[in-house]
Every structure is written in structure tokens, then in C-alpha cells.
Amino acid sequence: MRTTALFVTCINDALHPGTGKAAVTLLRRLGVEVDFPDGQSCCGQMHYNTGYRRETARLARHFVDVFGEYDEIVVPSASCGGLPSEAYEIAAEAAGDAGLLRDVRELAPKVHELTSYITDVLGREDVDAYFPHRVTYHPTCHSLRATPLGERPYRLLRAVKGIDVVELPARDECCGFGGTFSVKNGAVSGAMNGDKARHVLETGASVLAAVDNSCLMNIGGRLAKDGHAVRTLHLVEILARTEADGPLAGIPVARSGGVLR
Amino acid sequence: MSKTFMGWPAFPRAAETAVADEQLRTNVRRATHTIRGKRAALVEERPDWQDLRDAAAALKDDVLAHLDTYLEQVEERVTAAGGTVHWAVDADEANRIVTRLVRDTGETEIVKVKSMLTEEIGLDNALEAAGISARETDLAATIVQLGDDLPSHVVVPALHRNRSEIRDIFVREMGRHGRPAPEGLTDDPGELAEAARLHMREKFLKAKVAVSGANFVVAETGTLCVVESEGNGRMCLTLADTLISVVGIEKVVPTWRDLEVYLQMLARSATGERMAPYTSTWTGTTDGDGPGTFHLVLVDNGRTRALADPVGRQALRCIRCGACMNICPVYERTGGQAYGSVYPGPIGAILNPLLKGPDDPQTASLPYASSLCGACNEVCPVRIRFTDVLLKLRSDVAEGDAKVKHRAEKAALKAVGAVMDHGPLWNAAVRAAGTVGAAVPKGMKLPGPLHGWTDSRALPDIPKESFRAWWKRTEGGAK
């Protein structure tokens with residue numbers, strides 16, 4: 001019996017619990033029983049991206065202690081899910097910790113971003129989801145370039161019943177979040193985000209989806225500040241919904257059969 | 001003295017000013033998107049583009065691994081071909097050497113081929129201080145020089161100016177430095193180019209000394225190569241009696257065959273052309289043909305410092321095509337001057353700290369002038385992994401040898417880290433967030449450095465129940 005753990009990420013835990021719940025619901029529907037080890041905290045991305053490698057090593061050690069025994073670890077975030085393989089070896093080397101280096105090499109291949117886990121490990125594209133709304137999708141930089149998901153999220157979205165998927169103009173351009181970049185360089189970050197929000201509005205979508213809630217929080221924060229009603233939702237929250245749930249309350253229902261490709 | 005980047009503010013402050021300048025943003029956006037599109041189309045037509053990138057990176061890595069040997073070969077071949085080689089450890093020494101060489105000719109007015117290195121070392125100002133007037137002959141470099149402006153791009157230094165601004169600079173300044181702009185000059189690009197042509201031709205024909213850089217130095221023959229679009233370089237390289245080329249030590253390629261790789265990539269990456277209109281090569285001196293005296297000044301100025309950094313040294317592969325800045329979403333909103341260096345954009349964000357050391361607040365701010373989106377990694381013809389180098393440089397600032405330190409940030413992240421790897425504390429912190437969240441008004445402005453977030457965004461709602469609290473209460477959704 002394979003053991004599967006959910007690493008929900010600290011942002012989702014505190015700010016987007018709905019994403020974690022949706023991940024549990026969806027995985028269960030697909031036949032995967034996940035465990036939530038409650039010693040988990042943060043992957044250390046903010047520390048690593050700001051230059052604090054020794055602090056990252058400390059959180060990597062914690063990550064290994066919490067998740068090391070599991071066969072697979074599923075993460076509803078491309079950036080946090082990518083960090084163990086991108087950063088932990090470098091952090092272990094910076095800390096001069098050979099034991100950690102060995103442990104993270106063993107751990108990293110077991111960590112999966114959730115949507116690629118569904119498509120590549122479970123081999124599913126149609127997950128029996130129902131979401132009768134107009135949706136546009138922002139490929140976050142991490143899911144686009146660092147650990148490229150390619151067409152996977154689009155294939156998952158297009159298999160959703162009732163959905164109206166519209167292309168986001170200039171979709172490959174960064175939203176300006178960049179972790180501490182959004183605070184250290186607030187002006188530039190805000191200008192990038194303003195353009196991204198404008199493109200979202202151009203689509204006429206009711207929902208903006210992505211696989212990183214951090215980027216969605218950034219774009220959503222701008223849309224909310226400017227008084228726009230577009231909802232931001234992690235992709236898994238769309239995939240988790242079925243016909244039994246009906247349409248999402250408070251969001252316009254897309255005309256049936258109006259799927260734009 | 002013309003303007004320099006001395007005393008320039010750190011990136012966040014310079015960027016804040018730049019972002020607020022609508023005209024600048026429009027100009028930079030239009031220019032970068034135009035070049036971006038042309039480049040993409042020409043890269044698309046090369047099925048072997050990824051192989052070319054591999055070759056270009058590998059060749060430069062070989063050169064960097066054996067730089068001492070290749071440089072000695074260059075010195076030997078250039079000397080054998082009738083040139084004189086000089087070595088400069090830093091900007092001051094390079095400027096002293098060039099100033100002395102020009103003085104020895106007795107000339108006080110010289111012409112220049114656009115060169116990033118001479119801008120890096122501030123050669124024009126050093127010559128001016130010695131009573132020598134050095135006039136740029138590249139169109140964009142001329143616009144910058146006439147306007148007493150600063151460059152904002154490595155290939156198109158006046159990219160931040162539109163044509164009506166250029167017209168005004170020509171009308172106002174040309175007469176003070178030679179032939180004035182024609183009467184009734186409009187902002188028609190053809191007319192502007194003709195005005196520049198007439199103004200510069202006078203200088204080409206008079207000048208006895210020319211200063212250039214080089215895009216490449218071929219070690220096997222001691223040949224220098226300059227790639228350009230306008231023909232001004234060819235004029236300088238052939239009409240002057242004395243040619244002084246000031247070149248960074250990383251510009252070497254081993255053989256002519258290797259040059260083939262880069263000549264297929266440079267113009268495609270830089271200007272979206274298959275080949276640049278002018279590719280000039282010369283080897284030492286030739287009797288009765290071109291300059292009778294040739295000096296090559298090889299400059300370090302921090303390159304060996306960069307070479308000593310095992311991650312950062314890949315920045316020395318750079319062929320100054322500018323593709324990284326043309327694709328960069330940060331550069332697109334700030335333009336180049338915000339980076340406070342003649343090297344802006346992603347390459348500037350890594351090269352400046354590598355050359356100088358991130359020991360002053362401006363230089364130390366550059367590795368953070370990126371959202372780490374990685375678009376630059378994908379277009380770089382020599383496969384520089386910008387994001388890897390940015391992260392390495394951030395760690396130099398955060399916990400390495402750099403003299404600039406962010407003590408408050410370090411303390412904060414350390415404190416957060418201590419809670420995060422302590423299970424019960426972290427559990428309590430996440431649960432508390434919901435309680436605090438209910439009390440935080442959505443429109444609230446965050447204090448201190450965090451205002452960068454709330455300036456343009458609403459705060460997210462903080463749910464009353466965290467995921468972990470839900471999991472515990474419902475036993476993983478079972479209840």
C-alpha cells in the first residue's frame with residue numbers, strides 16, 4: 001500500500017484552506033487516500049528566493065523529518081512543489097550538511113505538483129468535474145518555466161463539463177509577484193500586475209485559475225482593489241466540483257456549449 | 001564632463017521614478033516588443049537553434065576555463081601581425097593607457113565606434129579631462145552623447161527616446177559639436193538619419209585616431225571582429241591612421257570556425273536580423289591599407305573576480321545581444337537607466353555585482369531587481385541561467401561576503417523560520433492567523449517596507465478556519 005501525503009503549503013493552510021479541501025476531495029474521488037501530517041509548515045521558498053540558504057536548509061531538514069517516510073507527497077502549488085528539487089540540494093551544500101544532502105536527494109523525486117500528479121501519475125485528464133462558468137488560466141512562471149506543466153492544466157480544464165475556457169492574452173508574462181519582489185520592488189511589481197489584471201478583464205472571464213495561490217493572491221488583490229468581481233480560484237478547486245455541487249454561487253453561468261478553444 | 005551613473009539610487013527607488021514616467025514606459029514597451037517579435041521570427045526559422053545555443057555556451061566555457069592560455073595566444077598573434085598589446089587591470093589603468101596613446105599622436109579630436117567596455121570604464125570622460133574630445137559615431141550613441149543623456153540598453157542605448165525627442169536633441173545640440181542639423185528638420189526617421197550622417201561624415205573625414213571595442217577576438221590569428229548596423233564602425237576602423245581597440249578579456253573565441261556559431265546568433269538575438277549589415281575583421285596592420293598603427297588594450301576590470309565565482313562565471317559568456325532585456329517584464333516597465341549601469345536588464349542585474357562585488361547599496365539591490373520569472377533564461381543565446389546566478393548573488397548579500405547586509409530582514413526570516421520548524425508553535429501561529437484576520441480591515445495599508453504590497457493590492461481575506469484546523473475538526477473531512 002503506497003502512502004501519500006498532502007503538503008498543503010503554508011499560504012494555502014492559512015489563507016486558502018479551500019484549496020487544500022478541494023485537493024483532498026479530488027484525490028479521494030480519484031482513489032487516492034491522502035494523509036495530512038500536521039508537523040508540516042513551510043517549504044522555505046521565501047527564505048531561499050531572498051538568499052537565505054542556511055535557513056532554507058533548516059526548513060528542508062524539517063520537511064524531510066515530516067515527509068521522508070511517505071512514498072509520495074502531493075502539493076497544490078507549482079512553486080512550493082518545485083522547491084525541494086530546485087533548492088534543497090543547494091541549501092544543503094550551503095549549510096555543509098552531507099546528511100541532509102543525501103536525504104533531500106532521496107526525497108525530491110517523491111514530491112509532485114498536484115496537476116501533473118493527476119495527469120502523469122494517475123493518468124487522468126477527465127476527472128468528472130463540472131464547472132459551468134467562463135474561466136481563463138494564467139500559467140504561473142514556475143509552472144511555465146521552472147517545472148514546465150505545458151498543456152497539462154489546459155487539458156484538465158478542457159475536460160471539465162460545462163466550462164467555457166478563454167485564452168488569456170500575453171499569458172506567458174509574469175504577474176509581478178515574485179515573492180519578496182512584490183514588497184522590495186512594489187512599484188515595478190504593481191505595474192506588471194496592473195497589465196496582467198487588465199488582460200484578465202479583457203477575456204470577460206468570471207474566474208481566473210492558476211496552480212499557485214500566491215500569484216492569484218497578487219492578481220486578485222489588484223482586481224479587488226480596482227473593484228472588479230473576477231474570482232480567483234486554484235485549478236484544483238475547479239476540478240474538485242461535480243454536477244452534484246451545481247454552479248458556483250455568485251458567479252455568472254456560462255452559456256451551454258459555448259466553449260471557446 | 002558628461003553625465004555618469006555615479007551616486008545613482010538603488011534599484012527600487014530609481015525604478016519607482018521610472019515606472020511613473022508614462023512616456024518612458026510607452027517608448028520602452030514599443031521598442032522591446034518590436035525587437036522581441038523580430039527575434040522570435042528569425043529564431044523560429046532555425047531548426048538547429050538549441051544546438052547553436054549549446055555550442056555557443058560550450059565554446060565560451062572552454063575559453064573561460066583556459067583564459068590565460070588563449071590571452072597569451074592573442075598577445076602573440078596580434079604582436080606578430082604588427083599590433084601592440086597593452087594590459088589593464090582596471091578602468092583607471094585602461095583609461096590612462098588610452099589617454100597616453102592618444103596624446104602620443106598629438107590629436108585632440110577622435111572618433112569612436114560604439115563599445116560597451118569603453119562606456120563601462122568611462123573612457124569619454126577620462127579623455128575629456130585630458131583635453132581630448134571623443135565623439136560617438138553610432139546613431140543611438142550619438143543621440144545619448146548629444147543629449148548629455150545616459151544609455152538605457154546595450155544594443156540600442158537611446159531606446160528610451162522617441163523620434164520627436166531625438167529631433168529636438170539634434171536641433172538643439174548638433175551645432176555645438178560640429179555641423180548643425182539641417183533647417184526645418186522633422187521627426188521623419190529618414191530625415192533624422194540623414195542629419196546624423198551629415199553631422200558625422202565631417203568627423204570621420206577629419207579624425208586621425210579612432211577608438212573601438214570588439215565583439216570577438218579570434219585567438220588563432222589575433223583577429224578582431226566588430227559587428228554593427230550602420231557602417232560608422234567600418235569608417236572608423238578603416239579611415240583613421242591610429243586605431244585603439246579596448247576589449248574585455250572574455251571576448252576571445254579560439255578559432256574562426258567558432259566565430260561562425262556566434263555570427264549566426266548575434267544579430268538574430270540582438271536586432272532580429274539574419275546577419276548584421278557590417279561585420280568587420282582586422283588582424284594587426286597592413287601596409288597601405290587601413291590604420292598604420294594598431295593598439296589592443298585588454299581589460300580585466302572585475303572579470304577575473306566574476307570568473308572566480310563558480311555559478312556567476314557563466315555571465316562572462318555574454319555576447320551583449322540584449323535579448324534578455326528585450327524579453328524582461330521588469331526592464332519593460334523601468335527602462336535601462338533604473339539599473340544605474342551601462343549594463344541594464346537581467347544581464348546588468350548579475351554582471352554588475354559580479355564585476356564590482358555587491359558591496360554598495362545600489363549594486364547589492366540589483367540581484368533583487370527580478371521577479372525570477374525566467375523569461376531571460378529562455379532567450380539567452382549562450383544559455384546563461386540568469387535565475388541561478390540571481391539566487392546565488394542574493395545569498396552572497398543575505399549570508400555571504402557582501403558588505404551590504406539587510407539585518408532586519410534577516411532577523412525576521414530567521415524568526416519565522418524558527419517558528420516554522422517547530423510544529424506546535426507553527427500550529428498555533430496558523431490558527432491565530434484566522435483570529436487576527438477577522439480584525440484586519442480589507443482596505444488596510446500595511447506599515448513599513450510592506451506598503452509595497454498594499455500600494456496596489458487589497459489584502460487577502462484571512463479565513464477563520466485554517467486548513468489544519470478543518471482537518472483536525474473533521475478528521476480529514478470524514479466527519
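**Fold of chain A, a helix pair and the contact with chain B**

A:E125 is placed in the loop of chain A that runs between helix 7 (114-121) and strand 5 (134-137). In this predicted model, A:E125 counts as partly exposed, because 13 C-beta neighbours lie inside 10 Å, whereas a residue would need 20 or more to be buried and 12 or fewer to be exposed. When its neighbours within four places in sequence are left aside, A:E125 is in contact with A:T119, A:R155, A:L156 and A:A159. A:T56, by contrast, stands 69 residues from A:E125 along the chain, and the C-alpha atoms of these two residues are separated by 35 Å.

The surroundings of this loop belong to a chain with 13 helices and eight strands. The radius of gyration of chain A is 18 Å, which agrees with the value near 18 Å that a compact globule of 261 residues would have. Along its principal axes, the C-alpha trace of chain A spans about 60 × 50 × 30 Å. Of the 261 residues of chain A, 61% count as buried. Among the contacts in chain A with a separation of 6 or more, 79% are accounted for by residues that are 24 or more positions apart.

Packing between helices can be described for one pair in chain A. Two packed helices are described by the angle between their axes and by the distance between the axes. For helix 11 (residues 186-203) and helix 12 (residues 213-225) of chain A, the angle is about 75° and the axes are 9 Å apart. At this angle, helix 11 of chain A is roughly perpendicular to helix 12 of chain A, since angles of 65 to 115 degrees count as such. Helix 11 of chain A contributes A:N193, A:G194, A:K196, A:A197 and A:V200 to the contact, while helix 12 of chain A contributes A:N218, A:I219, A:R222 and A:L223. In character, the residues of this contact between helix 11 and helix 12 of chain A divide into four nonpolar, three polar and two charged.

Chain A also meets chain B, in a contact that takes 54 residues from chain A and 51 residues from chain B. On the side of chain B that touches chain A, the elements giving two or more residues include helix 1 (11-19), helix 15 (329-334), helix 20 (407-420) and helix 21 (423-439) of chain B. Helix 19 of chain B gives the most to this side, with six residues. The residues of chain B on the side that touches chain A divide into 27 nonpolar, 13 polar and 11 charged.

Definitions and conventions:
Residues numbered from 1 in each chain as written. Chains lettered and ligands numbered in written order. Predicted model: local features only at pLDDT ≥ 70, side-chain atom pairs only at ≥ 80, totals over all residues. Helix = DSSP H or I, 4+ residues; strand = E, 2+ residues; numbered from the N terminus. Rg over C-alpha atoms; globule rule 2.2 N^0.38 Å. Contact = placed C-beta atoms within 7 Å. Axes fitted to C-alpha atoms, helices over the stretch in contact; angles between N-to-C directions. Parallel < 35°, antiparallel > 145°, perpendicular 65-115°, else oblique. Nonpolar A, V, L, I, M, F, W, Y, C, P; charged D, E, K, R; others polar.
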